[in-house]
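Reader: I am new to this structure and should be grateful for a close look at a single part of it. Please begin with one pairing between strands and work outwards from there.

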Amino acid sequence: MAMAAAWGRYEQLRPDELAAIVQRTPAAYWPLGLLEHHGWHLPVGFDGLKAAAVCEQVATRTGGVVLPVMWWGSGGGHGDFRWTHYQQPQAAAAMVDDTLGQLLRHGFRAIVLLAGHYPWQQILDQVVPPHR
């Protein structure tokens, strides 16, 4: 019988649990979202919620660690709506860049960045290549 994939949510794991999962399956799944008004039919965190759900589904099957949603990003067409929070692209890029370097230093070897907010792609195209 196959062993169940070891996985967990980063913020809920103790350091020893993180180390054990990373040693067994050095994969990190990082959902990228944004807090923005999508209309009255969706929650303001919709982008991150859908990305987190997919990351968790994959991690339960393959193992690894799901990071907390990165809620702070930039870009999109909802900036004039109440409850939307956009940051400067340079700030979001710096957070992603720093965090990718830290994850690699902690032993992760595969990092999946799943953007639920599609303007993230511009930042990822800039930040990810040096970490490959």
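Author: The bridge partner of G8 is V65, which lies in β3. This is a predicted model, in which local features need pLDDT of at least 70 and side-chain atom pairs count only at pLDDT 80 or more, while totals for chains, interfaces and linings use all residues. Residues are numbered from 1 along each chain as its sequence is written, and side-chain values use heavy atoms, with hydrogens and water left out.

Strand β3 covers residues 64-66 and runs parallel to β1, to which three bridges join it. Strands (E, at least two residues) and helices (H or I, at least four) are DSSP runs, numbered from the N terminus. Two strands count as paired if DSSP finds at least two bridges between them.

The wider setting is an open sheet of four strands, paired in parallel and ordered β1-β3-β2-β4. Because β1 and β4 (110-115) stand at the edges with a single partner strand each, one side of each has no neighbour in the sheet. On average, neighbouring strands of this sheet are turned by 20 degrees against each other, direction ignored. Axes here are lines fitted to C-alpha atoms, for helices over the stretch in contact, and angles run from 0 to 180 degrees between N-to-C directions. Helix α3 (residues 89-105) packs on the sheet, where it touches β2 (27-32) and β4, and its direction makes about 150 degrees with that of β4. Contact means heavy atoms within 4.5 Å.

Strand β1 also takes part in a link between side chains. R9 forms a salt bridge with E56, with 2.8 Å between the closest N and O atoms. A salt bridge is a side-chain nitrogen of Lys or Arg within 4 Å of a carboxyl oxygen of Asp or Glu. This pair connects distant parts of the chain, 47 residues apart: R9 belongs to strand β1 (residues 7-9) and E56 to helix α2 (residues 46-62). E56 is partly exposed at a relative accessible area of 23%, and R9 is partly exposed at 28%. Partly exposed lies between buried, under 20% relative accessible area, and exposed, over 50% (1.4 Å probe, protein chains only).

The structure holds three salt bridges. One of them joins D16 to R14, the closest N and O atoms being 3.1 Å apart, and another joins E17 to R14 at 3.2 Å, N to O. Through shared partners, R14, D16 and E17 form one network of salt bridges.
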